[in-house]
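Trainee: I keep meeting labels in structure reports and would like to know what earns each one. Could we go through them together?

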Amino acid sequence: MNVSEKIKYHCENKKYCKISRKVGKHAYEKTHGFIVDYNESFVVVQENHDFLICGYLIFPLTSISKIGFNRNDKYFDKILRLEGVK
């Protein structure tokens, strides 16, 4: 699954994910949360820190290097749903 397919999957299924993106020449940043919308150029993410929904981030698709959703993320997604945060 490529990055575009992962973005579509996480947005449509409202799944928690970790997004790695390039923010400088040699700098990378991870964003944790839910992809709430996207188009051919940008992604809108509702950011999450320690079980709290914090706010929204908008960044270009070209900055995304990886979208992760491993076993730990699946469990975290389940906890957020059960706690009523999701």
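Trainee: How many salt bridges does a search of the whole structure find?

Mentor: Two salt bridges turn up in that search. Keep in mind that this is a predicted model, where local features need pLDDT of at least 70, side-chain atom pairs count only at pLDDT 80 or more, and totals for chains, interfaces and linings use all residues. Residues are numbered from 1 along each chain as its sequence is written, and side-chain values use heavy atoms, with hydrogens and water left out.

Trainee: Why is the contact of Asp-73 with Lys-18 called a salt bridge?

Mentor: The label needs a side-chain nitrogen of Lys or Arg within 4 Å of a carboxyl oxygen of Asp or Glu. For Asp-73 and Lys-18 the closest N and O atoms are 3.3 Å apart, so the pair meets the definition. As a general point, side chains of opposite charge can pair when their charged atoms come close.

Trainee: What makes this a link between distant parts of the chain?

Mentor: Asp-73 sits in helix H2 (residues 71–82) and Lys-18 in strand S1 (residues 16–22), 55 residues apart. Those element names come from DSSP runs, numbered from the N terminus: helices are H or I with at least four residues, strands are E with at least two.

Trainee: Which of the two partners, Asp-73 or Lys-18, is buried?

Mentor: Buried means under 20% relative accessible area, exposed over 50%, and partly exposed in between, using a 1.4 Å probe and protein chains only. Asp-73 has 3% and therefore counts as buried, while Lys-18 has 25% and counts as partly exposed.

Trainee: How do you know that Arg-21 and Glu-29 form a salt bridge?

Mentor: Their N to O distance is 2.8 Å, which is within the 4 Å limit. Arg-21 is buried at 10%, and Glu-29 is partly exposed at 38%.

Trainee: Why is Cys-11 not in a disulfide?

Mentor: A disulfide is a pair of cysteine sulfur atoms within 2.5 Å. The structure holds zero disulfides. For Cys-11, the nearest cysteine sulfur belongs to Cys-17 and is 9.8 Å away, so the pair does not meet that cut-off. Cys-54 is in no disulfide either, with the sulfur of Cys-17 its nearest at 15 Å. Cys-11 is buried at 16%, whereas Cys-54 is partly exposed at 48%.

Trainee: What makes S2 and S3 a pair of strands?

Mentor: Two strands pair if DSSP finds at least two bridges between them. Strand S2 (residues 28–38) and strand S3 (residues 42–49) are joined by five bridges and run antiparallel, so they qualify. Phe-34 stands opposite Gln-46 in S3, and the two strands form a hairpin with three residues between them.

Trainee: How many bridges join S3 to S4?

Mentor: There are eight, again in the antiparallel sense, with S4 covering residues 52–60. His-49 has Leu-52 in S4 as its bridge partner. This hairpin has two residues between its strands, and Asp-50 in the turn has a positive phi of about 50°.

Trainee: What does Phe-51 touch, beyond residues up to four places away in sequence?

Mentor: Phe-51, in the loop between S3 and S4, touches Phe-76, Ile-79, Leu-80 and Val-85. Contact here means heavy atoms within 4.5 Å. Phe-51 and Val-85 are 34 residues apart in sequence, yet 7.5 Å apart in space, C-alpha to C-alpha. At 38% relative accessibility, Phe-51 is partly exposed.

Trainee: Is His-10 buried or exposed?

Mentor: His-10 has 3% relative accessibility, so it counts as buried. It lies in helix H1 (residues 3–13), and its contacts beyond four places in sequence include Tyr-16, Ile-35 and Phe-69.

Trainee: Why is the protein called as compact as a globular protein of that length?

Mentor: The protein has two helices and five strands, in the order α-β-β-β-β-β-α. Its radius of gyration is 12 Å, close to the 12 Å that the globule rule gives for 86 residues, so the description fits. That radius is taken over C-alpha atoms, and the rule is 2.2 Å times the number of residues to the power 0.38. Of the 86 residues, 30% count as buried.
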